[in-house]
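Visitor: I would like to learn how empty space inside and on a protein is read. Could you take me through one case?

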Amino acid sequence: MSTERAVLDAHYMARALELARKGLYSTHPNPRVGCVIVRDGRIVGEGWHVRAGEPHAEVHALREAGELARGACAYVTLEPCSHHGRTPPCAEALVNAGVSRVVAAMQDPNPQVAGNGLKRLADAGIEVASGVLEAEARALNPGFLKRMEHRLPFVRVKLAMSLDGRTAMASGESQWITGPAARSAVQRLRARSSVVLTSAASVIADNARMTVRGDELGLDPETTALALARPPLRVLIDGRLRLPLDAPFFQAGAALVVTAAEDDPRYAAAGHQLLRIPGENGQVDLRQLLVELARRDINEVLVEAGPGLAGAFARLGLIDEYQLFIAGRFLGSTARPLLDWPLARMSEAPALKIIEMRAVGDDWRVTAVPAPAPGV
């Protein structure tokens with residue numbers, strides 16, 4: 001491939017990724033995908049996948065291009081699908097439209113596609129290429145990719161703390177450690193997630209509802225409407241079913257309650273679902289819970305909980321990403337720690353790789369991931 005073509009491919013794929021990001025809050029359980037159609041050095045069609053069950057990005061772009069799609073090049077952030085789902089296969093639509101070349105950022109790991117879409121295009125005489133801005137494309141859909149490749153959702157843990165690493169006073173008081181800008185960022189994390197997961201202890205301590213609040217998202221009206229139309233499933237881990245059904249959490253809408261206790265028909269009668277996944281010592285089996293959530297097409301899980309549940313996820317190695325919000329204040333030595341994770345030696349201390357650090361209002365936001373083991 002010539003340098004000029006590589007530069008143009010990257011340029012147009014970057015635009016396709018920009019379009020795909022429009023679906024950040026709405027495509028669940030589908031991936032976020034964008035498409036750009038270029039003919040004679042000019043964009044003639046653009047599209048992005050809005051929500052599951054509706055046309056995919058390629059279809060929107062082809063509709064906008066019309067007859068100008070014939071002989072054009074299509075840039076897609078994910079390999080065009082080749083199977084009949086709720087919508088017809090996009091690979092077939094591209095063939096019928098007469099495009100001459102298709103560039104995909106990456107292959108689709110979905111076993112129903114997995115190279116078949118590109119093969120269908122190649123068999124029809126269309127030039128195909130993939131791997132353009134693949135890292136950026138993968139970063140846009142971490143949950144979908146992990147579910148397809150590992151049969152588990154992507155787990156993101158949000159933690160708010162003081163400069164001395166504390167999350168709440170000894171009494172449990174924690175509202176508010178961080179400021180409005182940080183809380184708005186957390187709302188956007190909720191809105192992009194498939195599931196917001198918390199514990200009974202956290203809900204009781206904060207009288208929390210764990211909902212997405214449109215007025216705090218800080219998004220434009222169209223994107224806010226899309227986010228509110230697809231709220232995340234609220235999942236409550238309540239091993240002993242101690243949160244009363246008249247609590248504000250339950251009044252805020254249907255929820256999935258995960259427990260180690262016996263079934264209680266009152267939850268179904270109140271419009272909630274009860275899922276029993278008992279583990280050791282009367283606790284919920286968190287690993288098995290994630291397996292079950294993946295079976296239910298859950299891509300991204302946001303854990304918002306205190307040091308107990310967050311620490312349990314950390315100890316089990318189930319966290320893919322930490323979202324740490326740090327406030328410029330001290331809570332003191334008697335305040336509660338960030339994670340309930342007793343470590344005896346420095347050699348036991350897990351290392352994190354900081355991906356990004358930025359100011360959010362008067363606070364700081366740190367994005368970190370578990371560092372790979374030495375030699376990996």
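**Pockets and cavities**

Guide: Among the elements lining the second largest pocket, α6 gives the largest share, five residues; helices (H or I, at least four residues) and strands (E, at least two) are DSSP runs numbered from the N terminus. The model is predicted, with local features needing pLDDT of at least 70 and side-chain atom pairs pLDDT 80 or more, while totals for chains, interfaces and linings use all residues. Residues are numbered from 1 along each chain as its sequence is written, and side-chain values use heavy atoms, without hydrogens and water.

Visitor: How many cavities of 30 Å³ or more are there?

Guide: Rolling a probe the size of a water molecule over the atoms shows where empty space is left. On a 1 Å grid over the protein atoms alone, a cavity is a set of points where a 1.4 Å probe fits but cannot get out, whereas a pocket is an open set with protein on both sides within 12 Å along at least five of seven lines, and lining residues have an atom within 4 Å of a point. Here the count is two cavities of 30 Å³ or more, and the largest has a volume of about 80 Å³, where volume is the space filled by probe spheres set on the points, joined across faces, edges and corners.

Visitor: Where does the largest cavity lie?

Guide: Domain 1 (3–140) and domain 2 (142–370) both give residues to its lining, so the largest cavity lies between them; the bounds come from an automatic or database domain assignment. Of its 14 lining residues, T27, N30, R32, N299 and E300 lie nearest the centre.
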